[in-house]
Structures are given as C-alpha cells and as structure tokens.
Amino acid sequence: MDVVVVESPSKAKTINKYLGPNFKVVASYGHVRDLPAKDGSVKPDDDFSMSWEIGADSKKHIDEIARALDGAEHLYLATDPDREGEAISWHVQQLLRDRRKLDGVDVKRVVFHEITKDAVLEAMKNPRELNKELVDAYLARRALDYLVGFNLSPVLWRKLPGSRSAGRVQSVALRLICEREAEIEVFQPREYWTIDALMATAAGEPFSAHLTHLDGKKLGRLEIANEEAAKRAVAAIQSSDFRVSSVEKKTVQRHPAPPFTTSTLQQEASRKLGFGASRTMQVAQKLYEGVPIKGETVGLITYMRTDSVTLSGEAIAGCRRLIDRDYGPQYKPEKPRVYKTKAKNAQEAHEAIRPTDLFRTPLSVRSYLDENQFRLYSLVWQRTVACEMSSALFDQAGVDLTAADGKTILRATGSVMKFDGFLKLYQEGEDDSSDENGTDRRLPDMQERQPVSTREVKPEQHFTQPPPRYTEASLVKKMEELGIGRPSTYASTLRVLQDRKYVLLDKKRFVPEDRGRLVTAFLSNFFSKYVEYDFTAELEEKLDDISAGAIDWKRVLREFWSAFSTAVASTSDLRISQVLDALDEDLGPHFFPVGPKGDTEEARRCPACENGRLNLKLGKFGAFIGCSKYPECRYTHRLNAGGADTDDMVQGAELAAGPKLLGKDPATGLDITLRKGPYGLYVQLGEQAAKEKGKKAPPKPKRASVPKHVATGRIDLEIALGLLSLPREVGAHPETRQMITAGIGRFGPYVKHGSNYVSLKEDDVLTIGLNRAVSLIAESPGHGANELGAHPDDGKPVSIRKGRFGYYVKHGRVNATLPKDTDEKSVTLDEAIALLAAKASKGGGKKAKAKAPENTGGEKTPAKKATRKASKPKGKRKTAKTDPDGRTDADGSAEAAD
C-alpha cells in the first residue's frame, strides 16, 4: 500500500476515495514543526542553522504517518501547491528520515491544484522531486521573520513600555495606516465651486453642461475658490448666448477584469460581500477542500493562494461553451481572452482562482453550501465566466458650447450603453469611487453652430476631502502595489495588527490606536530603514530570486543580518528621554493640534493647573499625556488616535480633581458619578458606605466600565444609566427562542447567546439591535453549539460544537473530540460526560484562570493583578498563531516574541 500525505483530514478522506484501496491518505494538519518561540532558534553565528520543535499534536500526526509507512513502497507528499506546502512536505520528509522510516521507500512530490477526481488522478501520474529552491525561500523567509521579531520586539519592550511586538511585514503595513491617519489630521479643506447649467436645444430638449473655460482660460478644479468668484461666473453665463462649437462622438470598449488572484479575491470579497481577508480565506479554503454533494465530497474552486491570472485551456474552453449556451454567441468574443501575470515570479500555483467545473453554477450547488460559501462561490464563478465574455460597448458624446465672445465655454458629456457584454453578469467593485464626470446620461442630438438656450445656472459649493482611511480591500491593494509581503500572508498580517491592538476597524476602515502610532514613530526614528517601503519590497524580490534559484538564501540572510544586528546593538545606549523627545516631536502636532492662532504652547497648556506644559510620557503600561508640573499637578490624559480632544482634556482635568456628578438615578435617587480608576473610566451608582468597627464591610456600589471607544466628553447621564443597566436583553433568537443579551465583560463589550459569547468590535453595546446581534452570532466560531444539558458536578452546560476538524463536546475548558463515524445528533448527555471524563483524566483542558467580575469599572481585582503581571514580556512564551488550515502567521516570529 502506498502512502499519500496531505494537509487537512477532510481533504484526506476525499482523495482516499478517488485513489482507492491501494492508497492510504493521511493528514499532517498543516505545519508539523516550527522554530521554538525562544532565543537561539536561528543562530547567525552558526551559518544560520535552525533549531526546529515539533508540537505535541504534530507528533501524533507524524506518528500516524510513520505507522502508515510500514510496508509501503511509495510516499507521495501532496501538501498544498505553493511555497508553504513545499515546506511542509520538506519537514515531513526530514522527520521521517530522522526516524529511519524512509529506508527503501520512494519519496515523490505531487501537487493538486484542484480537488477533483480527474485532477487528483492526473497529478499522481506526474510526480516530481521536492523543489529545493522553494524550500530555501521558505527557510530564508522564516529566518528573517524570526530574526526581526526576536531582536526588535525586546527593544520595543525596553524602550517603549506597553508595546507588544514588531514584525518584518506587519510593521510596514502599520506604517501605511499611521501615515494615512497623519495625512488626514494635517489636511486643510479648501473651498471650491462648480458651475452647472441647464441648457436646451432649439427643439426644447433639455440637457446639462458644466463650465470649463472662463475669461478665455481653462478652469482648474479649484479655480473658482469662493462665492464671489462663483457669482461672477454665473453672471458671465447668464449674459451670454451660446452655440454648439464642436461635437465629438466615439464608441469605447470596457473590458472585463482578469480572473481572481488571492489579492483581488480578498479585495473584491471585502467590497462586495463585506468579508475580511481572514474570513475570505477561511471560506475559500473550504470551497477548495470540498463540500459534500450527492454523497461525494467535491472541491468547488482551484487552489486559493496564487498570484497568477492564467486560466488553463480547458477552463477557457469551458467558459466559452457556457457563454455560448446560456448567453448567446454575441457574448462570446471571437478569440479567447488570454491573461498573463504581471507580478514578478508569481506564486507557485499555476492558475488563477476559478471553479473546478464551470457548468456547476452557483444555483445548482446552492442547497449544499452555507450562506458565506454560496456568496463567495458565486463571486468566483461570475468573475471567471465574465472574464471570457465580450467587452461592453458605450457610445460617448462630448459637446462644447461657446459664448459669442469666445471667452466662456460649457461642456456637456453623455454616455449610452450600446452593448452590455460582460456587464450582463459581473461588474468589478471600486474603492472610494465617485462619479463626478456626469457621463452616464444621454445627450440630445446636436450639430455644430446650432444655438442653445440657457434655462438655469446652478453654482454649487464644495470642499476638498482628506484621503480616506484604508479599508481591508484598499490596504491589501496598496501593499500589493508596493510589493510588501505576499498576498497569501495578508490576512494573517492584518489580523496580527488588530490582535496586538495596534489598529481597530471602525466602520470597516482601519484607524491606528495610540499604541500603533507610538510603535510606528519609534521604528521610523530609530529603525527607519526597516520600515521603508522600498527596502521591504526589495527584500521580497530577493526572496523571489531565491525561489527561482537565482541567489543563495544564506547570502541574503548574511547581508540582512550584518546591518540589522548593528542597528539593534546601537539602541543599547538609547535613553528613555531620547525616545520621549523623538516621539514628542513626531507625534506632538497630532496630539496637540494647533488652534486658529497657531500658538503651539497654548495647545499644550495644562487645563488643570494652567501653568504646566503637556508632554508625552511613558509609564509602566504605556504612553500617556501628563503635566510637566508633576507631582504638584497630577493631571493625566490617555492618548486619542485622532488627537487630544478638547472636551476630553477638560473632563480629564475635572476627574483628576475627583468624581464628576452626572445626575441622579431616577429609580433610587442616588447620585451617578463618572470616575477615573487605575485602569480607566467607570460610572458609579451611589457612594461607598463606611465600614463600621466590628462589622462586615458593606457591599460596594454598582459600577460599570466605560468602553474605550466612548469619548470622555460624550459621557452623560443617559449613557451612564445605559452602562449601569447592563447586561441588557436584546431579544429572543428567532431560531432557538433563547434570549440574547448584551453587556461588558472583562474583555470588553459582547453579545451572548446561550453559552456563546461574541465580542463587539464596531457595534455599540448600548444600541445594538436583534438583527445585527443574530448576524454576529451566526458568523461566530461558537455558533451552532447544541447544549445537551447541565453537568452533574457543577451545573455548567455540556454542548456539542463543530470545529476545524470535526465535532467535539465541550464542558467549561475541557474539549473532547467525538469518535469517527459518530452521529453528532445522536450523542446523549451521559455519553458526552464519559468522553469529557476520559479527556480530563489524560490532562485535557486548560488551567483555569482567575475570573474577574463582569463590571469591574476602575476597581482593581486579584484577576486584574494577575493579568497585569502575566502581561510583562518574557520573550520565551506564546506560540505563533495559525491560519484555519494550520499554517503559521506571516510574522509568526514577531507574535511569538510578544
């Protein structure tokens, strides 16, 4: 029997069915080993030798592969068809060779670009050796990420308390977000006016035109700068007679976009479906690995990590047959469209992302897919078919209208779709688009020298707008344009930035947090070379050259390490005062915006003592704004991503002196106050009663934490009453009829359904409605949990849940996988308790942490003390996170350094 190794167990089952009983297909469950999250895993002094560590779970999987090899003649390494897949195959081969399990076994590499029977059988006919260059490129990338993370992150911890980590790619992506925010903050809007006129032909047909020339000069966009100039322009038009001076007519084509790459799929899923990059890749992974259709698991799309826009001849032919059948010959171009990849050394997968069978339409598989799978598959199918359809045709016309004196000219434009072509099926989305050219309208037929009349002149005031914050789609697009990272790692990079609290998503746009602004400023001042866009892009090109066999991987590492280690060493004598001076100079204009008079010192005047100067300061838990007169003046203020808000600063000064009375509780008549505790703002009902001698301490008054996103100046009695009323009932879930509640817990705002908690990132805990709550719960990992009943030992619920690798039962912090071939719907409470007991006896489950009460406000609790203590950087803990298919994050070394 021959052995085939793939990455996921679901893929293993499907491929085993295709290959038959002479093959045993086993799963590696993603990466099987990684660099340990501690110093010394990469040794530059030993020619960059690496120490690898195999995890406990991975050891079980390697043991299974090793057992399967007993008596086998062939081992086929069939991990995913990209650089990471090549690396996993290499690791598996090395581990098995170390165990002497490959003696007499022929080892080959096969790749499946799609999980269909024909594709799998064809791939097995064309095995090859492992690609050494791809493995070398992986080793270089992994070593670089480790060296940056485990050398740069400790510098941040020492010199910039409160920072979490730095990474080769994540730090540059963070810089993009922070620089965009800085552009927005310093942006000064400019007033300008546009002049449109409602005109009419001699036959009375109306149309619109806009002013392009005045006083014989062509107008720039901001030329008419104020109302007075606009009135002069209106008067010039109203006092003139116009004739048609020129007519231009042409037919233009609009061509379809190429099929999806990883990057463009992430961008379009963000624009059209509202998916984040991580969710897009999770759903695409499932579509690639396959879904059950009529009793057989079928892969619906080709491999989803690719930079290529190429389609196979078979796929192109399938598109053309489908177009001819379903849309008609006029929608099929005369010649097939052939797309070529522009990216240098495109990722190793050979094709664009496409359906494995073009005739498997979205509607035909609708009943086999969940909502997200159906929406993403529809997007891929439509884009693929549309890319081979005919171009859309538009009849465009432009007409110039000139005044009798020749000094004033209006222009009318129009566009009419002549043939919809590919637009019948699909139109690509855009980021921050605006249609100001007025071309999507029809013009009446006009001839040169024909007189036209002026019916109405409409001046309109505008103000220039700051550049928009990045969405996930526009940030991915920008990173790809600059050559930062690789599209297959974008999802994990963006997730790291959010997990580290460097950025937050507000209305689907990235806003840098204070911590992120400070880290970027620090790196830009003291490690500027390593957050430069060109340097990062050039390093990516060198990694591509390694995978192409054009350069030695250790040479790249030696060149990088020589300069980087010197830069790290140079910070050993860096004083905190130097860091503060650099950050204060860099970020001061943003946190202390200058007023109309341009007085920078007035912007920094302390609102509490009115004599001190506000400066950036560093404390045990990070940066803050404080008064230079400390300790005489104890005014402090937390940083805001958009600058220090005046109302917040005034409120902060008031709270430094004591609680602020917001009003009285209508129900009890007790005072409600806003207070500042060691860990943030909170509201309190009533006062703490004094303890009488010899008696128990009286209960503490009710308190509620103020969410971080709520500006201090906005907190009034209404908001305080809402916070104190939490948790509140949102409404009954339409399917389970269980009550959904919303509240604020130890980790922030949440909604709760049964035992499933969902954190609120963008929604307001006080106003979130039932529909939105149901939607968030449906998208959460814990959705679909089926409660079997209460555990007899502690009364906590026992539930069945669906995880990455199948169903499992859960009780508290103990999870136990259901045995194979077990029907999850038939599992009883007693059976679940037995599985959990067996798991617990083997040491399953995680050690419980001290649990904090849900509304601690500003009160310090033992749990919070423990959390603070645990958050101190040690440099030798926390393993790298993985993607849904078990792959390590792009900047895994930096995460591990946290």
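Trainee: Is Lys132 buried or exposed?
Mentor: This is a predicted model, in which local features need pLDDT of at least 70 and side-chain atom pairs count only at pLDDT 80 or more, while totals for chains, interfaces and linings use all residues. Residues are numbered from 1 along each chain as its sequence is written, and side-chain values use heavy atoms, with hydrogens and water left out. Buried means under 20% relative accessible area, exposed over 50%, and partly exposed in between (1.4 Å probe, protein chains only). Because its relative accessibility is 54%, Lys132 counts as exposed.

Trainee: Which residue meets Lys132 in a salt bridge?
Mentor: A salt bridge needs a side-chain nitrogen of Lys or Arg within 4 Å of a carboxyl oxygen of Asp or Glu. The partner lies with Lys132 in helix H5 (residues 132-159), four residues apart, about one turn of the helix; helices (H or I, at least four residues) and strands (E, at least two) are DSSP runs, numbered from the N terminus. The partner is buried, at 11% relative accessibility. With N to O at 2.8 Å, the residue that meets Lys132 is Asp136.

Trainee: How many residues of H5 are buried?
Mentor: H5 has 28 residues and spans 41 Å from its first C-alpha to its last, close to the 40 Å expected at 1.5 Å a residue, where the expected span is 1.5 Å times one less than the number of residues. The helix is largely enclosed by the rest of the structure, because the buried residues number 24 of the 28.

Trainee: How far apart in sequence are the parts tied together by Glu185 and Arg517?
Mentor: Glu185 and Arg517 form a salt bridge, with the closest N and O atoms 3.1 Å apart. Glu185 lies in helix H6 (residues 170-186) and Arg517 in helix H14 (residues 514-526), so the parts the pair ties together are separated in sequence by 332 residues.

Trainee: Which of Glu185 and Arg517 counts as buried?
Mentor: Glu185 has a relative accessible area of 24%, so Glu185 is partly exposed. The value of 3% relative accessibility, which counts as buried, belongs to Arg517.

Trainee: How many residues apart are Arg354 and Glu114?
Mentor: Arg354 and Glu114 form a salt bridge, the closest N and O atoms being 2.9 Å apart. Arg354 is in the loop between helix H10 (313-326) and helix H11 (371-386), and Glu114 is in the loop between strand E8 (106-109) and helix H4 (117-124), a separation of 240 residues.

Trainee: Which of Asp47, Asp552, Lys554 and Arg558 are linked in a network of salt bridges, and how many salt bridges are counted in the model?
Mentor: Asp47, Asp552, Lys554 and Arg558 are linked in such a network. By the same 4 Å rule, the count of salt bridges comes to 39.

Trainee: Which helix gives the largest share of the lining of the second largest cavity?
Mentor: A cavity is a set of points, on a 1 Å grid over the protein atoms alone, where a 1.4 Å probe fits but cannot get out, and lining residues have an atom within 4 Å of a point. About 110 Å³ of space lies in the second largest cavity, and among its 14 lining residues the closest to its centre are Val148, Gly167, Arg168, Tyr530 and Val531. H5, helix H15 (533-547) and helix H16 (553-569) each supply at least two lining residues. The largest share, three residues, comes from H15.

Notes:
1 Å grid on protein atoms, 1.4 Å probe; cavity = no way out; pocket = protein on both sides within 12 Å on 5 of 7 lines; lining within 4 Å. Points joined across faces, edges and corners; volume = space filled by probe spheres on them.
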